[in-house]
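Visitor: Could you take me through a close look at one end of this chain, and then follow on from there to whatever else is worth seeing? I'd enjoy a connected tour with the numbers left in.

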Amino acid sequence: MSYWTVAVYFIKPSYEQINELIARQVKLLFVDEVEIGRQHLTLVDALNAKVRDDGMRVYSQKQARDAGVDDATYYGFWSSEMSEYLGGKAEVRVMQAQHLQVWIRPPQAPSIWIKVTLNSGINEDQLSPLTLYLLVIGALSVIGGWMFARKQNKPLRRLQKAALSVSKGSFPQSLPLEGSTELVEVTNAFNRMASSMKQLEQDRALLMAGISHDLRTPLTRIRLASEMMVEEDEYLKDGIVNDIEDMDAIINQFIAYIRQDQQELVELISINRLLKEVADAETHRDVDIALELGHCPDISIRAVSIKRVITNLVENAYRYGGGWVKISSYTTKSAVCFRVEDNGSGIDEDQIETVFQPFTQGDSARGSVGSGLGLAIIKRIVEGHLGKVTLCNRKEGGLCAEVELPIE
Ligand SMILES: Nc1ncnc2c1ncn2[C@@H]1O[C@H](COP(=O)(O)OP(=O)(O)OP(=O)(O)O)[C@@H](O)[C@H]1O
Ligand SMILES: [Mg+2]
């Protein structure tokens, strides 16, 4: 478009002007009777004698050929225009030597060539105005495109970040409505979705807090009452206290599953420290805990949540294992990983996926305490950290649970 505009509105008119000027000069040459023969002049000499301009010379066919008219390029549109100006069939050729040379064969005398040298004009050494103009237009278009893309990309990137943080369980402030209409609409929809998700989450947390609170109060009352039971019912009392402790633990798991520690801040911490803390806390139990910690860089995590993951895994290993637990850690290119292994009976292969679902317990849990929420909580927390948790049966027997947390 730019090329066309420049060609039609700048280049063409100036060529037309040059053409017309040359045509006028050529016409002037033939205005008066050319004095041929009076002083034994040929037509060429007679015309040359009339030329008042340094840039103009008249040649005979032979002279013109010697001067290189055959190498000049024929221009059709220029020729037809010249023919119109001169009122007969003219031929125009152009040669780009040191200066621009225009060769014209006038209709008045087709046997001669008139050469017009244009001193100023398009010099190939210099950047032509058209090229310059196109370069500027090109540069401006690229800059404009870049700015436009940036303007579109910024809200998109912001949206991506916000979506990621929602998937991690934290709800960002509503995003500013910027960019193209479509982007504004998408951002608007996202804002609405995020705020209704936040509302849902809050309602659920409130509901759970209410239920657990309301359940705990009667539990405490029952426990108090059991303390006041007569001595003969001691065996009854022990059963009640045990049940109450189980129920309390289950309520705690419920709350942990629902709450997901949204308020907890992300901090840079060593996973080895958490693993060691959990191992130390388990020493009171009758288990043999083997710690095998590799080198791990500090990573940004919600420490309390990740500690709950480790505790839940160790608790499972202790509960369903055979008295031996191994905790190990290592680093891969993109993630920090840790494993909790035990020497129990493991999980049936076909159950490995289902035990992650809330309230699902395997065969090994038959008749035991627990709510079946442990692994569901683990999965939620690990996925909230964009990590991965996998279970597999060890060759030696027992289960191996592995958690991968991305370093970025
Ligand atoms: N280390 C393990 N060895 C064998 N089976 C396991 C092991 N860990 C988990 N399981 C099986 O997976 C099921 C689900 O485990 P999960 O931790 O989710 O629930 P739970 O331990 O039964 O209850 P909770 O953890 O809520 O107290 C368990 O019931 C058990 O059958
Ligand atoms: Mg468990």
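Guide: Happy to. Let's start with Trp4, which sits in helix H1, spanning residues 2–29. Please keep in mind throughout that this is a predicted model. Trp4 has a relative accessibility of 49%, and because the exposed class begins only over 50%, Trp4 counts as partly exposed. Trp4 also has company: together with Met1, Val8, Tyr9 and Phe10, this residue makes a nonpolar surface patch of about 630 Å².

From a nonpolar patch we can turn to a charged one. Arg150, Lys151, Lys154, Arg157 and Lys161 gather on the surface as a patch of positive charge. One of them, Lys151, belongs to helix H5, which covers residues 129–167. Its relative accessible area is 59%, so Lys151 is classed as exposed. Helix H5 also holds Val136, a partly exposed residue with a relative accessible area of 45%. If you would like a distance to check, the C-alpha atoms of Val136 and Asn119 are 27 Å apart, although the two residues are separated by 17 positions along the chain.

Now for the charges that do find a partner. Side chains of opposite charge can pair when their charged atoms come close. Searching the whole structure gives 24 salt bridges, and a few of them are good to examine one by one.

Take Arg273 and Glu277. Their side chains meet in a salt bridge, with 3.5 Å from N to O. Both residues belong to helix H8 (residues 271–281), and their spacing of 4 residues is about one turn of the helix. Arg273 has a relative accessible area of 49% and is therefore partly exposed, while Glu277, at 30% relative accessibility, is likewise counted as partly exposed.

Elsewhere, salt bridges with shared partners tie Asp70, Glu91, Arg93 and Arg105 into one network. Within that group, Glu91 and Arg93 form a salt bridge whose closest N and O atoms are 2.8 Å apart. Both of these residues are buried.

Another pair is Glu201 with Arg380, a salt bridge with 3.8 Å between the closest N and O atoms. This pair connects distant parts of the chain: Glu201 lies in helix H6 (residues 181–227) and Arg380 in helix H10 (residues 374–384), with their positions 179 residues apart. The cut-off for buried is under 20%, so Glu201, with a relative accessible area of 15%, is buried, and Arg380, with 21%, is partly exposed.

Let's stay with H10 for a moment. Of its 11 residues, 8 are buried, so this helix is largely enclosed by the rest of the structure. The buried residues in H10 are Gly374, Leu375, Ala376, Ile377, Ile378, Ile381, Val382 and Gly384.

Next, the backbone on either side of this helix. Just after H10, Leu386 takes a positive phi of about 60°, and it is a residue other than glycine. Leu386 is placed in the loop that runs from H10 to strand E11 (388–393). With a relative accessible area of 44%, Leu386 is partly exposed. Phe359, in the loop between strand E10 (335–342) and H10, also has a positive phi, near 60°, and is again a residue other than glycine. If you are checking backbone torsions, Phe359 and Leu386 can go on your list.

One last stop takes us back to H8. In the loop between H8 and strand E7 (288–293) you will find Glu282. Its relative accessibility is 7%, so Glu282 counts as buried. The side chain of Glu282 makes a polar contact of 2.7 Å with the side chain of Arg285.

How values were computed: Residues are numbered from 1 along each chain as its sequence is written. Chains are lettered from A and ligands numbered from 1 in the order in which they are written. This is a predicted model: local features need pLDDT of at least 70, side-chain atom pairs count only at pLDDT 80 or more; totals for chains, interfaces and linings use all residues. Side-chain values use heavy atoms; hydrogens and water are left out. A salt bridge is a side-chain nitrogen of Lys or Arg within 4 Å of a carboxyl oxygen of Asp or Glu. Buried means under 20% relative accessible area, exposed over 50%, partly exposed in between (1.4 Å probe, protein chains only). Helices (H or I, at least four residues) and strands (E, at least two) are DSSP runs, numbered from the N terminus. Patches are made of residues with over 30% relative accessible area and no salt bridge: like charges are joined within 9 Å, nonpolar side chains (Val, Leu, Ile, Met, Phe, Trp, Tyr) within 5 Å. Accessible areas come from the Shrake-Rupley method with a 1.4 Å probe; for residues, only the protein chains shown count as cover. Lys and Arg count as positive and Asp and Glu as negative; His and the chain ends are not counted. The place of a charge is taken as NZ of Lys, CZ of Arg, CG of Asp or CD of Glu. A polar contact is a pair of N or O atoms within 3.5 Å; within protein, one must be able to donate a hydrogen and the other to accept it, and residues adjacent in sequence count only if both atoms are side-chain atoms.
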